[in-house]
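Student: I am new to this protein and would like to understand the words people use for it. Could we go through them together?

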Amino acid sequence: MEFFWYIVLIVILGTYVVLDGYDFGAGIIHLFFAKKEKDKKAITNAIGPFWDANEVWLIAGGGVLFYAFPTLYAASFSGFYLPLIMILWLLIFRAIGLELRGQFHHHMWEVVWDKAFGIASLLLALFFGMALGNVVRGVNLGMVVNGVSTQEPHYFFLPLWNSSFSPVATELGIIDWFTLFLGIVSVVALMIHGANWIIYKTNSDLNSQLKEVIYKLNYVLLGLVIVSLSVWHIIEEEPFHNFIETPILFIFPLITFVGLFGLFKVKSFKKDITGFIYSTLFLVGGFTSTTASIFPEVLPSTNSTNPSLTIYNVANEDYALSVGVYWFAIALVLVIGYFIIQYKVFSGKMDDVGYGEH
């Protein structure tokens with residue numbers, strides 16, 4: 001049952017990365033490329049009917065984490081307390097940036113909320129990338145000092161950064177050069193993803209420019225991916241051992257590179273949805289490859305005193321996990337039904353939706 005709920009959690013979080021990921025990316029595009037009012041409206045129209053529903057997947061992931069893996073939930077929410085609060089405030093500012101912008105038509109008012117929306121989207125993409133970096137790198141479980149645990153084996157707490165800014169230091173921080181690097185990868189990938197969504201859902205004058213942006217950024221993303229694979233050995237001595245032991249897992253990196261190399265043809269796509277499909281493949285492949293590389297660990301320990309947290313030592317009781325399957329089935333049917341209706345109602349181009357106009 002632990003493995004079943006682990007798959008459920010990965011699917012939910014992967015869905016969140018894809019769906020709210022294009023919201024973040026659209027916000028970054030809005031920040032840097034939307035200079036004209038009609039371009040700004042086109043971008044907010046593209047994500048307006050979807051962004052709040054997309055955030056529900058993050059809440060669902062937290063719910064599954066709380067229910068199926070309570071020890072991991074408790075450890076993570078206390079250890080990552082500072083960045084989680086920052087993410088919460090960024091989610092709030094992104095939301096009110098979208099909602100309040102159209103309440104009062106004054107240039108200064110609109111500029112303030114445009115910046116709030118764009119900057120919050122950029123920082124959210126950066127922070128979620130760094131969050132994945134922290135999971136890959138691991139934490140000092142039990143807060144071991146000189147080989148002795150000063151706290152319970154699953155407890156930790158991280159400051160925002162340490163003095164050395166190193167991912168291999170004894171006293172780790174949330175931000176170091178490795179986690180920041182993965183944050184930058186996240187920003188570039190989601191920027192491409194958001195641009196593809198805008199092209200797919202609008203006839204904006206920006207679309208031709210965005211194809212050029214995607215093409216150039218894809219070279220940056222390719223370079224970042226190559227570097228990240230190289231520096232992974234600094235964090236983990238055998239980062240690809242799971243793939244070597246279970247070759248079928250290579251399907252996930254394959255999906256990643258199909259999406260990545262497919263995006264180099266963005267200028268020649270005949271259908272606007274094609275680019276979005278390729279960027280989705282990259283995000284799904286990258287996320288699943290990362291989780292597969294550390295499986296069954298869900299939060300590695302950077303010390304030898306306390307064991308890493310795995311899906312087996314943080315899971316709920318078997319009876320509870322079994323009972324939850326029935327409720328999950330009901331919720332799954334409702335969610336699938338909701339999203340089918342939502343995306344059918346708002347199918348096609350969104351230029352005339354007029355989101356935020358009151």
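What follows is a talk between a student and a tutor about terms and the values behind them.

Tutor: Happy to! This is a predicted model, in which local features need pLDDT of at least 70 and side-chain atom pairs count only at pLDDT 80 or more, while totals for chains, interfaces and linings use all residues. Residues are numbered from 1 along each chain as its sequence is written, and side-chain values use heavy atoms, with hydrogens and water left out.

Student: What makes Arg 94 count as buried?

Tutor: Buried means under 20% relative accessible area, exposed means over 50%, and partly exposed is in between (1.4 Å probe, protein chains only). Arg 94 has 1% relative accessibility, so Arg 94 counts as buried. Arg 94 is found in helix α5, residues 81-100; helices here are DSSP runs of H or I with at least four residues, strands are runs of E with at least two, and both are numbered from the N terminus.

Student: Which residues is Arg 94 in contact with?

Tutor: Contact means heavy atoms within 4.5 Å. Leaving aside neighbours within four places in sequence, the contacts of Arg 94 include Asp 20, Asp 23, Trp 51, Glu 55 and Phe 117.

Student: Why is Trp 177 called partly exposed?

Tutor: Trp 177 has a relative accessible area of 34%, which lies between the two cut-offs, so Trp 177 is partly exposed. Trp 177 sits in helix α7, residues 177-201. Not counting residues up to four places away in sequence, Trp 177 touches Phe 165, Ser 166, Pro 167, Val 231 and Ile 234.

Student: How do you know that Lys 38 and Asp 205 form a salt bridge?

Tutor: A salt bridge is a side-chain nitrogen of Lys or Arg within 4 Å of a carboxyl oxygen of Asp or Glu. The closest N and O atoms of Lys 38 and Asp 205 are 2.6 Å apart, so the pair forms a salt bridge. Lys 38 lies in helix α2 (residues 37-47) and Asp 205 in the loop between α7 and α8 (207-235), so the pair ties together parts that are 167 residues apart in sequence. Asp 205 is exposed, with a relative accessible area of 52%.

Student: How many salt bridges does a search of the whole structure find?

Tutor: The search finds nine. Another pair is Lys 40 and Asp 114, whose side chains meet at 3.3 Å, N to O. That pair links distant parts of the chain, with Lys 40 in helix α2 and Asp 114 in helix α6 (residues 107-137), 74 residues apart.

Student: Are Lys 40 and Asp 114 buried or exposed?

Tutor: Lys 40 has a relative accessible area of 17%, so Lys 40 is buried. Asp 114 has 8% relative accessibility and counts as buried too. Lys 40 and Asp 114 are also linked with Glu 37 and Arg 101 in a network of salt bridges.

Student: What makes Glu 212 and Lys 267 a salt bridge?

Tutor: Their side chains meet at 2.9 Å, N to O, and the limit is 4 Å, so the pair is a salt bridge. Glu 212 is in helix α8 and Lys 267 in the loop between α10 (251-262) and α11 (273-294), 55 residues apart. Glu 212 is partly exposed at 31% relative accessible area, and Lys 267 is partly exposed at 46%.

Student: Which residues form the nonpolar patch on the surface?

Tutor: Patches are made of residues with over 30% relative accessible area and no salt bridge; like charges are joined within 9 Å, and nonpolar side chains (Val, Leu, Ile, Met, Phe, Trp, Tyr) within 5 Å. The nonpolar patch is formed by Tyr 81, Leu 82, Ile 85, Leu 88, Trp 89, Ile 92, Phe 93 and Phe 157, with about 720 Å² of accessible area together, by the Shrake-Rupley method with a 1.4 Å probe, where for residues only the protein chains shown count as cover. Ile 85, for one, has a relative accessible area of 32%, so Ile 85 passes the 30% cut-off.

Student: What is notable about the phi of Asn 146?

Tutor: Most residues other than glycine have a negative phi, and most peptide bonds are trans. Asn 146 has a positive phi of about 55° although it is not a glycine. Asn 146 is found in the loop between β1 (144-145) and β2 (148-149). The peptide bond from Phe 295 to Pro 296 is cis, with omega near 5°.
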